[in-house]
Amino acid sequence: MTSRNKPVEDNGFQRPQINRTRDLRIPNYYTEAIDGEFRDYAFNEERAPLNKGHWRSEIFKVKEDVAMDLEIGTGNGTHFQHQAVQNPTRCIVGLELKYKPLIQSIRGCLRKSATNARICRYHAMNLDLLFEPGELNNVYIHFPDPWVSPRKPKNRFVNERVLNLLWDLQRPGSFLDFKTDSREYFLWSMEQIRQSKYEIVFETMNLHQSEVASDNFMTQFEKIFTKQGIEINFVRLRKK
Ligand SMILES: C[S@@+](CC[C@H](N)C(=O)[O-])C[C@H]1O[C@@H](n2cnc3c(N)ncnc32)[C@H](O)[C@@H]1O
């Protein structure tokens, strides 16, 4: 980690920092496309937080009662695009750190004429710098990095702090979906979830053999893990 992306102390929370796109020494098509070809649909780490509190009115140009969902770690965007295309009356924001999947995610939406999607290069742990309380509807967390090393559970995204944060950011009646291939991460997160304010609507340690299997959309990583014979853990939570 370089000095410019060392964590920054913020009210006792060590905020993870990411490098700035404009400081990259060797730009490429994907790094340049954020502020270039896809500027109206993609936001780098400097522009993204300027949208806080204004996503509906200024970015999507929709009424305040229109639903706006969030997908964290879109990867190449198969689920992100599916959501945008299948739900043209909702909006969706994606977060992704890596440039190529970020551009693939938003480019795929636009190629399918889904203009109800936006994507940000932003660290998911800093969500509260992107959204105001009550600004979000449904949230999707599909196969986040599991951080299975015993010294690293603080890096796991589905933790007590993030659950409290998401609860504040979501509107009542919204759901939060979490899928992971890691049984260890799932069991650890379920302990955090049971202490949280969320209602558990459905939980399974074998999604594809469960009663919700027919409604499930398989993400890119889900297909990879399933081919390897790994059972998928899934929980749906609801903010009452
Ligand atoms: C294992 S992949 C899963 C991708 C996709 N959700 C799927 O199911 O196919 C995890 C993705 O999360 C992204 N990611 C990891 N840490 C992140 C963070 N702190 N903020 C935003 N995205 C992150 C990675 O770049 C990667 O594309």
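Colleague: Which residue is the bridge partner of Glu71 in β7?

Modeller: In this predicted model, Glu71 has Tyr140 of β7 as its bridge partner. The two strands involved are β4, residues 68-72, and β7, and they run parallel, joined by 3 bridges.

Colleague: And how many bridges pair β7 with β8?

Modeller: There are 4 bridges between β7 and β8, and the pairing is again in the parallel sense. Within that pairing, the bridge partner of Ile141 in β8 is Phe178, and Phe178 also stands opposite Val235 in β10.

Colleague: In what sense do β8 and β10 pair, parallel or antiparallel?

Modeller: They pair in the antiparallel sense, over 6 bridges. β9 and β10 are antiparallel too, with 5 bridges between them, and there Ile200 stands opposite Leu237 of β10. As general background, the strands of a sheet pair through backbone hydrogen bonds, in either a parallel or an antiparallel way.

Colleague: What is the order of the strands in the sheet, then?

Modeller: The sheet is open and has 8 strands, which come in the order β3-β6-β5-β4-β7-β8-β10-β9, with mixed pairing. At its edges are β3, residues 42-43, and β9, each of which pairs on one side only.

Colleague: Back to β7 for a second: are its faces covered or not?

Modeller: Both faces of β7, residues 139-142, are covered, since Val139 and Ile141 are buried on one side while Tyr140 and His142 are buried on the other.

Colleague: What comes after that strand, and what is phi for Phe143?

Modeller: Phe143 is in the loop between β7 and α5, and its phi is near 60°, which is a positive value in a residue other than glycine. Most residues other than glycine have a negative phi. Phe143 counts as buried, with 21 C-beta neighbours inside 10 Å.

Colleague: Where else is there a positive phi of about 65°?

Modeller: Ser113 has one, although it is not a glycine, and Ser113 is found in the loop between α4 and β6. Unlike the buried Phe143, Ser113 is exposed, with 10 other C-beta atoms within 10 Å.

Colleague: New topic: which strands does α4 lie across?

Modeller: Helix α4, residues 99-111, lies across β3, β5 and β6, and runs at about 170° to β6. Two of those strands, β5 (residues 91-95) and β6 (residues 117-120), pair with each other in the parallel sense over 4 bridges, and Ala117 of β6 is the bridge partner of Ile92.

Colleague: Which residues have the most contacts inside the largest nonpolar core?

Modeller: That core has 46 residues, and the ones with the most contacts inside it are Ile106, Ala117, Cys120, Val139 and Ile141. Helix α4 gives the most to this core, namely 5 residues.

Colleague: Ala117 came up twice. What is Ala117 in contact with?

Modeller: If you leave aside neighbours within four places in sequence, Ala117 is in contact with Phe80, Ala84, Ile92, Gly94, Ile106 and Cys109. Phe80 and Ala84 are among the buried residues of helix α3, residues 78-86, along with Thr78, His79, Gln81 and Gln83. The cover over the buried residues of α3 includes β4, β5, α4, β6, β7 and α7, the last being residues 220-227.

Colleague: Now α6. How many residues does it have, and how far does it reach?

Modeller: Helix α6, residues 183-194, has 12 residues and reaches 16 Å from its first C-alpha to its last, close to the 16 Å expected at 1.5 Å a residue. Its buried residues are Tyr185, Phe186, Ser189 and Ile193.

Colleague: Why do the buried residues of α6 line one face of the helix?

Modeller: Seen down the axis of α6, the buried residues fall within an arc of 95°, so they line one face. On the other side, Leu187, Glu191 and Arg194 are exposed. What covers the buried residues of α6 includes α5 (160-169), β8 (175-180), β9 (199-204) and β10 (233-238).

Colleague: Last one: where is Ala33, and which residues is Ala33 in contact with?

Modeller: Ala33 is found in helix α1, residues 29-35, and, leaving aside neighbours within four places in sequence, Ala33 is in contact with Phe38 and Ile103. Ala33 counts as partly exposed, with 19 C-beta neighbours inside 10 Å.

Technical notes. Residues numbered from 1 in each chain as written. Predicted model: local features only at pLDDT ≥ 70, side-chain atom pairs only at ≥ 80, totals over all residues. Expected span 1.5 Å × (residues − 1). Buried ≥ 20, exposed ≤ 12 C-beta atoms within 10 Å, placed from the backbone. Arc of directions from axis to C-beta. Contact = placed C-beta atoms within 7 Å. Pairing = 2+ DSSP bridges. Axes fitted to C-alpha atoms, helices over the stretch in contact; angles between N-to-C directions. Core = buried A, V, L, I, M, F, W, Y, C linked by C-beta atoms within 7 Å.
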